Amino acid sequence: MKLIFAMLCACLFAANAFAQTESIPRFESYPAPVYKGRVAPVRINTSLARTFRTRLHEGSKEGVNFAGHYTVVEWGCGAGCLDVAVVDAKTGAVYFPKELSGFGVWYWGTDDYDALQFKPDSRLIVLSGSPVSESSKAEPQYGLFYYEWTGNGLKLIKVVEKKRDEAR
């Protein structure tokens, strides 16, 4: 009987550990083939893009770094604040995801202390901090936010909430 109980406990422990690791989105679960062609000129066709034209031009020169054919361009907007645009390397279109516009930067569980984690061959982007949203204005939500790039915006996949005092 003790052996059966021990085996059952071991199975439950293994299943729980597997469920916890599988519940966190992984970059390889959101593949994107990487574009190898010439980078298109940035299209500066909105007032917001005109405001950040120099940073967008400079950042897009770095080439594809996200979701197959996009470039994530970042710049500071104050202490603990980051603004982000996403530039399509194929078309030059510029996107300003609202979640990444002036978000509060905090660090949880990131070894390299990047407020955003992303890869050229994945549509997954991870934000460490507090994204901007209507609901966050009253009471901000902090943690790790996992988003999938849809081609013109972000789709929230998962939130791992954290307290600000848990930050490194």
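Which residues touch the most other members of the largest nonpolar core? They are F66, L100, F103, L116 and I125, in a core of 18 residues. The model is predicted. Its mean pLDDT is 83, and 76% of the residues in the chain reach 70 or more.

**Nonpolar cores**
- Five elements each give two or more residues to the largest core: β1 (70-76), β2 (81-88), β4 (101-105), β6 (124-130) and β7 (143-149).
- A second core lies apart from the largest one. It has 8 residues, including L56, A85, V87 and V94.

**Contacts of F66**
- Neighbours within four places in sequence are left aside here.
- F66 is in contact with V72, V86, F118, K119 and P120.
- Further contacts of F66 are S122, R123, L124, I125 and W149.

**Helix α3**
- Helix α3 spans residues 53-60, and its L56, G59 and S60 are buried.
- Viewed down the axis of α3, the buried residues fall within an arc of 95 degrees, so they line one face of the helix.
- The cover over these buried residues includes α2 (47-51), β1, β2 and β3 (94-95).
- L56 is also one of the members of the 8-residue core.

**Confidence along the chain**
- Among the elements, β3 has the highest mean pLDDT, at 98.
- Helix α1 (residues 2-23) has the lowest, at 44.
- Residues 1-21 have pLDDT below 50. Beyond near neighbours in sequence, this stretch makes 0 contacts in the model.
- Where pLDDT is low, the predicted coordinates should not be read in detail.

Technical notes. Residues numbered from 1 in each chain as written. Predicted model: local features only at pLDDT ≥ 70, side-chain atom pairs only at ≥ 80, totals over all residues. Heavy atoms only, no water. Core = buried A, V, L, I, M, F, W, Y, C linked by side-chain atoms within 4.5 Å. Buried < 20%, exposed > 50% of the residue type's maximum accessible area, 1.4 Å probe, protein only. Helix = DSSP H or I, 4+ residues; strand = E, 2+ residues; numbered from the N terminus. Contact = heavy atoms within 4.5 Å. Arc of directions from axis to C-beta. pLDDT = per-residue confidence, 0-100.
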